[in-house]
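Welcome! Let us walk through this structure together, one neighbourhood at a time. Keep the view open and follow along as each part is named.

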Amino acid sequence: MTRFRPCIDLHSGQVKQIVGGTLSNTSANLKTNYVSEQPASHFASLYEEHALHGAHVIMLGPGNDKIAQEALRAWPGGLQIGGGITADNAKLWVERGAEKVIVTSYLFPGARFSPDRLEAVLEALDYDTEKLVIDLSCRKQNGKWIVAMNKWQTPTDMEVNQESITLLEPRCSEFLIHAADNEGLQRGIDEELVVRLGEWCTKPVTYAGGGRHLEDLELVKKLSRGKVDLTIGSALDIFGGNGVSFDDCSEWNKQQSRIDHL
């Protein structure tokens with residue numbers, strides 16, 4: 001059943017909400033919706049208090065290791081971590097307290113998918129697929145969703161479709177998919193992508209990008225037939241937004257749990 005999944009986005013050592021499509025290796029074009037005065041550990045503790053499992057911490061660029069570790073210490077075994085994850089550090093982040101690691105760009109050297117690199121990550125995790133989330137965040141090009149790497153600036157050779165999902169599902173526990181063209185804009189979700197993810201995926205999948213109202217949770221539930229979870233970021237009151245309250249999202253999850261047990 002569809003659930004609200006919160007996030008903690010880290011940029012230059014701070015918790016931020018940014019417009020995803022403006023991320024690059026320079027800060028000149030970066031558009032930021034919100035910079036929190038609270039540390040990442042504050043949000044980790046808040047999510048634990050509300051039993052919001054499956055939350056993800058994303059390190060957007062360098063300078064975030066320390067604050068990310070503080071979040072993991074605040075909720076050991078409760079958070080997923082992504083951003084700069086490789087075969088060399090995947091196990092380390094699990095040892096630091098991550099429930100799962102999220103991998104993207106490392107799988108696409110030269111913007112081409114590498115099965116060998118996926119194998120290397122799994123080997124580092126002792127082939128425990130439950131510890132691995134594959135991030136297929138994408139941008140739309142010519143009517144297709146193309147996986148984007150390098151802060152969502154570089155298109156790869158992989159299309160998000162039934163073929164790629166079927167190829168990767170046996171190698172991970174779930175997927176995280178940011179619709180980068182929608183991320184941080186609060187202009188609504190990519191409804192067509194949500195429908196397709198509900199059709200293609202048999203494992204858990206979290207969609208992020210454009211969520212702005214509590215009603216979007218119900219919309220994602222309807223479009224995906226309850227198979228896709230939704231992350232709402234910039235619109236949340238805890239991140240300076242005015243579209244939806246964090247408490248309402250948390251309560252929505254509780255209501256879904258009660259429905260599941262009927």
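Within β3, Q17 finds its bridge partner in Y34. This pair belongs to a set of three bridges that join β2 to strand β3, residues 32-35, with the two strands running antiparallel. Please keep in mind that you are looking at a predicted model.

Strand β2 itself covers residues 14-18, and four of its five residues are buried, which leaves the strand mostly covered. β2 also has a link to strand β1, residues 7-11: two bridges join them, and again the strands run antiparallel. If you look for L10, you will find that its bridge partner in β2 is V15.

How do β1 and β2 connect? They form a hairpin with two residues between them. Take a moment to find S12, which sits in the loop between these two strands. S12 has a positive phi of about 55 degrees, although it is not a glycine.

A111 invites a similar look. This residue is not a glycine either, yet its phi is positive, at about 65 degrees. You can find A111 in the loop between β6 (100-103) and α4 (115-124). Is A111 buried or exposed? Its relative accessible area is 16%, so A111 counts as buried, the cut-off being under 20%.

Another loop worth visiting runs between β5 (79-82) and α3 (90-95), and N89 is found there. N89 counts as buried because its relative accessibility is 18%, and buried means under 20%. From this position, the side chain of N89 reaches the backbone oxygen of G84 at 3.0 Å.

Now let us turn to the nonpolar residues. In soluble globular proteins, nonpolar side chains tend to be buried together. In this model, the largest nonpolar core has 72 residues, and the members that touch the most others are Y47, L132, L136, F175 and L197. Helix α1, residues 40-49, supplies the largest share of this core, with five residues. Apart from it lies another core, made of six residues, including I18, I58, L60 and I102.

Y47 makes a good guide to its surroundings. Leaving aside residues up to four places away in sequence, Y47 touches P6, C7, I8, L52, A55, W75, L79, I238, F239 and F246. Try picking out these partners one by one: among them are C7 and I8, two positions that fall within the 7-11 range of strand β1.

Our last stop is a sheet. Three strands form an open sheet in the order β8-β9-β10, and their pairing is antiparallel. The edge strands are β8 (138-141) and β10 (154-159), each of which pairs on one side only. From one strand to the next, the twist averages 45 degrees.

Between strand β9, residues 144-149, and β10 there are three bridges, and the two strands run antiparallel. For a concrete example, look at A148, whose bridge partner in β10 is P155. Which helix lies across β8 and β9? That is α6, residues 191-200, and this helix runs at about 90 degrees to β9.

Technical notes. Residues numbered from 1 in each chain as written. Predicted model: local features only at pLDDT ≥ 70, side-chain atom pairs only at ≥ 80, totals over all residues. Heavy atoms only, no water. Buried < 20%, exposed > 50% of the residue type's maximum accessible area, 1.4 Å probe, protein only. Polar contact = N/O pair within 3.5 Å; in protein donor to acceptor, adjacent residues only side chain to side chain. Pairing = 2+ DSSP bridges. Core = buried A, V, L, I, M, F, W, Y, C linked by side-chain atoms within 4.5 Å. Contact = heavy atoms within 4.5 Å. Axes fitted to C-alpha atoms, helices over the stretch in contact; angles between N-to-C directions.
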